[in-house]
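Subject: A structure for you, with notes

Dear colleague,

I am passing on the structure we talked about, and below it I have set out what came up when I went through it. Please read the notes with the coordinates open beside them.

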Amino acid sequence: MAESEAEATGDAGRPLFVELFLDLVYVFALVSLTKTLAGDVSLTGVARTLVLLFAFALIWSLTTWVSGTSGPDRPSVQAHIISVAAASLLMAAAAPGAFGDRGLLFAGAYSFIHLSSIGYSLFHRREPAGSRRARRIAFWDILGSVGWIAGALVDGPARLGIWALAIAVEYTAAVLGWPVPRLGRSKSMEWRLGGERVPERYRQFVVVAFGASILTTGTTFSQHEYTLGRGYALAVVFTIVVLIWRIYIYRAGELLTEAIARSPDPALLTRAAAVCHLLMVAGVVGVAVAG
């Protein structure tokens, strides 16, 4: 058997190139969301952006967990990640019009990712625990997909309400372990999310947000008249991003890996870290919009 890419590099925590390829798509996704929010900074605009951000973040996290528990160096896992990247690209392209005439396209791509992930997990997992976990997630993903498609078929505030409810149900189910009658709920230890790989992927996600923030700020600056005020705003935003990057990468990011390694329940701590990183990414997007 050929030596895996992770083993060949000698660094099991290092992301593979296919995972970095997925991150490129999410740079575009975050840029798209940032520009959409910048065009509508009302409470409704913020709510819409958060719903879409939560959807993207959930897909990214679940894809990371699947690759972390299945082995990202396997050809079938890499093919799955590429399919997720393709559908995520379609979602990102549809995001600016998700609450307009592109709602069904966004919801369809989002549902496709969930259903294809379910299919992959059911057909490529041989151990009983993995099969039960996939069936639990399948129940809630199908329920969430119904909500997303239903929301895409209505217009106005109703779409925002239905999609917000759908994403809230999905996150609540994940926090509770996707409880299903007769199957129970998923235990955190079933995921085997220890080691350095998942913390490293979360760091990459924050770096993606930094990149999207800098790209959005620079693009906005270049498209308007160069004035001292705009130059000052650009410098302030860049300085804030650099400071956050230094604090996170060289302090919090390193401490997270050590904390997970020493935790008696690393998978539970990793799931909590997912929420924290989502909040950080939302904050970085907010900084870019403010700039």
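Where does Val180 lie? Val180 is in the loop between α7 and α8, and I return to that loop further down, after a word on the chain as a whole. Please bear in mind throughout that this is a predicted model.

**The chain overall**

The protein chain holds 10 helices and 0 strands, so that its pattern, read along the sequence, is α-α-α-α-α-α-α-α-α-α. Of its 291 residues, 47% count as buried, while the accessible surface comes to about 13900 Å², with 69% of that belonging to carbon and sulfur atoms. If one takes the contacts between residues at least 6 apart in sequence, 77% of them join residues at least 24 apart.

**The loop between α7 and α8**

This loop runs between α7 (157-175) and α8 (197-222), and Trp178 lies in it, as does Val180. Trp178 is buried, with a relative accessible area of 3%, and Val180, at 12% relative accessibility, also counts as buried because the cut-off for that term is under 20%. The backbone of Trp178 deserves a look in your viewer, since its phi is near 50°, a positive value in a residue other than glycine.

Which residues is Val180 in contact with, once its neighbours within four places in sequence are left aside? They are Arg136, Phe139 and Trp140. For Phe139, the C-alpha atom is separated from that of Val180 by 7.5 Å, although the two residues are 41 apart along the chain. Trp178 can be placed in a similar way by way of Ala138, which is 40 residues from it along the chain and has its C-alpha atom 9.1 Å from that of Trp178.

Ala138 also leads to helix α5 (residues 103-124), where Leu115 is found. The C-alpha atoms of Leu115 and Ala138 are separated by 7.6 Å, with these positions 23 residues apart along the chain. Leu115 counts as partly exposed, at 42% relative accessibility.

**The pairing of α2 and α4**

Helix α2 and helix α4 (residues 75-94) pack at an angle of about 10°, with their axes 9 Å apart. The two helices are therefore roughly parallel to each other, as the angle falls under 35 degrees. On the α2 side the contact is made by Val18, Glu19, Phe21, Leu22, Val25, Tyr26, Phe28, Ala29 and Ser32, and on the α4 side by Gln78, Ile81, Ile82, Val84, Ala85, Ser88, Leu89, Ala92 and Ala93.

Leu16 lies in the loop between α1 (5-9) and α2 (17-38). Leu16 is buried, with a relative accessible area of 2%, and its C-alpha atom is separated by 10.0 Å from that of Arg201, a residue 185 places away along the chain.

**A salt bridge and a surface patch**

How many salt bridges does the count come to? The count comes to 1 salt bridge, and the side chains of Arg159 and Asp155 meet in a salt bridge with an N to O distance of 3.2 Å. The two partners differ in their surroundings: Arg159 counts as buried, at 3% relative accessibility, whereas Asp155 is exposed, with a relative accessible area of 61%.

On the surface, Tyr232, Val236, Ile240 and Ile244 form a nonpolar patch, and together these residues have about 350 Å² of accessible area. One of them, Ile244, lies in helix α9 (residues 228-262). Ile244 is partly exposed, with a relative accessible area of 33%, and it can belong to the patch because membership asks for over 30%.

With best regards

Definitions and conventions:
Residues numbered from 1 in each chain as written. Predicted model: local features only at pLDDT ≥ 70, side-chain atom pairs only at ≥ 80, totals over all residues. Heavy atoms only, no water. Patch = residues over 30% accessible without salt bridge, like charges linked within 9 Å, V, L, I, M, F, W, Y side chains within 5 Å. Areas by Shrake-Rupley, 256 points an atom, 1.4 Å probe, with all protein chains shown as cover. Salt bridge = Lys/Arg side-chain N within 4 Å of Asp/Glu carboxyl O. Helix = DSSP H or I, 4+ residues; strand = E, 2+ residues; numbered from the N terminus. Buried < 20%, exposed > 50% of the residue type's maximum accessible area, 1.4 Å probe, protein only. Axes fitted to C-alpha atoms, helices over the stretch in contact; angles between N-to-C directions. Parallel < 35°, antiparallel > 145°, perpendicular 65-115°, else oblique. Contact = heavy atoms within 4.5 Å.
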